[in-house]
Structure formats: structure tokens, C-alpha cells
Amino acid sequence: MRIIFYGNHNKSAPWIAALQAALPGAEIEAWHPGAAPADHAVLWGPPQQLFDEQPRLRGVFNMGAGVDAFLHLKLPPQAVLVRLEDAGMATQMAEYVCQAVIRHFRDIDFYEREMEQGRWSFRKPLARSDFPVGVMGLGVLGSRVAQAVAHFDFPVAGWSRSRHEIEGVRCHWGADQLDEFLAATRILVCLLPLTPQTENILSRATLSKLRPGGYLVNVARGAHVVDEDLVALLDEGHLAGATLDVFRTEPLPQGHPFWNHPKIVMTPHASARTLREETVAQIARKIVAFERGEAIGGIVDTGRGY
Ligand SMILES: NC(=O)c1ccc[n+]([C@@H]2O[C@H](COP(=O)([O-])OP(=O)(O)OC[C@H]3O[C@@H](n4cnc5c(N)ncnc54)[C@H](OP(=O)(O)O)[C@@H]3O)[C@@H](O)[C@H]2O)c1
């Protein structure tokens, strides 16, 4: 079995070594133009040329959970596209979102500013019941996040395409229930995949339906957000703030209005990092199962877009 690796960076060697250790019988090399035909590809951010030159690929294993970058590429028709499922990202996402929700609810920004100024002052405690959290996307990451937030006793709702039942989470589904979900939400968390249906979903039309003093936590993809609408709603005061980990263009271009906006907290796409050990173990397990003809999880429905 031949496997090609493409990491879109110059740190391929430790990944290939880890894959080789997990699949000792396989012949694994970094992809380069003209590489011999392979059975599987383990990739992040591949160019179209790779697929054009690898018509025999049967498995295409993405080293990430989101596959939006693949929706614009043409894969060999027989190849299945497989995404990462959790692989250590769900706990990281739960940590990140809980800290953003709690940081906002507990007014930590205010206290940090006051302490920096040498002031010892207090704000009135707020009622958790006034900060209902709504999670868009109840998949591998969203369901874990919704449950983690619910453990802090916030009222939690979720919204997905199909019906879900999650303990402690009021579940909504489908376009018909979106408005009801938004109207009941104050802190909105986005964990949707980026598809033609979800691009620009966080716009004035949707964000203005949140409860007054709404707050956005976007940890999915930058293109879910209409940037100008978000800035306008923050400036108008309908939204109290936003925590953004992902951006339409990454790195975020200098001069973008998000930089230095007083109501925006940002991180550089760092909410859930790809962990080498977990990622390699999961992909190696799936390749072995695939070769045996067994069913594997995480096969992308490219028609649906996730
Ligand atoms: N910032 C980061 O570092 C980072 C890291 C990893 C992932 N991500 C992002 O997180 C996303 C989610 O990952 P995941 O593993 O949780 O994905 P997943 O398991 O595929 O879950 C996707 C969820 O979104 C729902 N959904 C999809 N299209 C919808 C639509 N049109 N309307 C309503 N709901 C819709 C799905 O509904 P159903 O359950 O009904 O199918 C599902 O609940 C990824 O696609 C990626 O963009 C970001």
C-alpha cells in the first residue's frame, strides 16, 4: 500500500515518521509533482495538481474536521473523502468556548482593565438565566461544546440540520426553527461546517434576532460571518461583543476593522489545534479498516458539503 502525504508546510517529516510508525507495512512519502501513484492520501490544504496526478487514490484523509477547502477541488471519482472526527479537538473546543462564555458572563475584561488601572471595584453579579447560550451545529464538536457549557448551568439550546436529542440541551433543527432558536439566544456559538447553505449565515438578518446584548463566539469558519454586519451591530450596541477565532482571510489582513475593535476578542485560528498523535492514530486506524473493507466514520457527503 502506497500513501502520499501533503502538509502544505515544511514540517512534514515528523508527521510522515509518525504515520510510518503506525502503518509499518506501508510505503509513505511526501507528495511532489510526478510522485508515483498512491492508494491513499493524508492531507491538509492540497493543490488540485495533486489529485490530477493521482487518479488511483481510493482514500483521501483530511487532517482536519472541516472539509470546505475540498469542496472546490475535483477528486478522483472513486476516492472517498474522510474527515477528522474529534481527535482531541472536541475537548479543546469545549475549553475555548466555555472560557469565552464565562469571560463574557463574568465580566473578566472589565475586572482586568480595572486592576490594570489600580482600581479595586466590583460589578453586580449577573443572572445566568439571562445568558442563554445557543450552539449552531450539533455535530462532533458542537454537541460536546453544548454539553460542556450546560455543565456550568447556563440554559443551552442547539440548532442543527436534522433532529438531535442531547441531555441538558434544548434542540432545534431545520430552517423553520432557526428564528425561534435565535430569539431565545443571547450568546451564540457557531460550530457549523462551511457549506453553500451556511456561508454568510451570521449576518444582520440573523444576528439582529439575538436577544439584546447578544454575544457571538465564532469558532467554525470566517466565511460564516458577514464582517460589516457584525461590526455595525457591535457599533450600534445590539451586540455586546464577539470572540472570533476564524476569519474570512487568514491571517486577518492588517487594517481590517476587527483589529483593535474594543468589543472583539480574537485568537489566530487556535481554538482547536490538530494534535499529531491523535490525528495519526485515527487516520491509521481508518486506513487499516478501509483496507479490510470495514465501515469507517467521517466519510464526507460531498453533495451535502460536510
Ligand atoms: N476553529 C478551529 O480550530 C476548528 C477546528 C475544527 C473544526 N472547526 C470547524 O467546526 C466545524 C464543525 O465540526 P464538527 O466535527 O462538529 O462537524 P460535524 O460533526 O459534521 O457537525 C456539523 C453540524 O452542523 C450541522 N449542520 C450542517 N449544515 C447545516 C445546516 N445547513 N443547517 C443547520 N445545521 C447544519 C449538522 O447537522 P446534522 O447533525 O443534522 O447533520 C451537524 O450537527 C468544522 O466543519 C470546521 O469548520 C474549526
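In this predicted model, 30 residues surround the ligand, and the closest of them are R83, L141, S162, H164 and Y306. Three of these residues can be followed down to single atoms. The side chain of R83 has an N or O atom that is 2.8 Å from an oxygen atom of the ligand, and the side chain of Y306 likewise places an N or O atom 2.6 Å from a ligand oxygen. With L141 it is the backbone that takes part, since one of its N or O atoms lies 2.9 Å from an oxygen atom of the ligand. The ligand on its own has 930 Å² of accessible area, and the protein covers 91% of it.

The shell around the ligand can also be described by the parts of the chain that build it. The elements that contribute two or more residues are α3, α5 and β7, and the largest share, three residues, comes from α5. Sorted by class, the shell holds 15 nonpolar, 11 polar and four charged residues.

On a wider scale, the domain assignment of the chain gives domain 1, made of residues 2–87 together with 274–291, and domain 2, made of residues 90–266. The centres of the two domains, taken over C-alpha atoms, are separated by 33 Å, and the contact between them takes seven residues from domain 1 and five residues from domain 2. Both domains give residues to the shell around the ligand, so the ligand lies between them.

Helix α5, which gives the shell its largest share, deserves a second look. This helix runs through residues 140–150 and is mostly covered, with eight of its 11 residues buried. The buried residues are L141, G142, S143, V145, A146, A148, V149 and A150, and L141 is also one of the residues closest to the ligand. What covers these buried residues of α5 includes helix α3 (89–105) and the strands β6 (133–136), β7 (156–160) and β9 (187–190).

From β9 the reader can move on to a single residue, T198, whose place is in the loop between β9 and α7 (204–207). Is T198 buried or exposed? Its relative accessible area is 10%, and because buried means under 20%, T198 counts as buried. Leaving aside its neighbours within four places in sequence, T198 is in contact with L192, P193 and H224. With H224 there is also a polar contact, in which the side chains of T198 and H224 meet at 3.3 Å.

Methods. Residues numbered from 1 in each chain as written. Predicted model: local features only at pLDDT ≥ 70, side-chain atom pairs only at ≥ 80, totals over all residues. Heavy atoms only, no water. Buried < 20%, exposed > 50% of the residue type's maximum accessible area, 1.4 Å probe, protein only. Helix = DSSP H or I, 4+ residues; strand = E, 2+ residues; numbered from the N terminus. Contact = heavy atoms within 4.5 Å. Near = heavy atom within 4 Å. Polar contact = N/O pair within 3.5 Å; in protein donor to acceptor, adjacent residues only side chain to side chain. Areas by Shrake-Rupley, 256 points an atom, 1.4 Å probe, with all protein chains shown as cover. Nonpolar A, V, L, I, M, F, W, Y, C, P; charged D, E, K, R; others polar. Domains from an automatic or database assignment.
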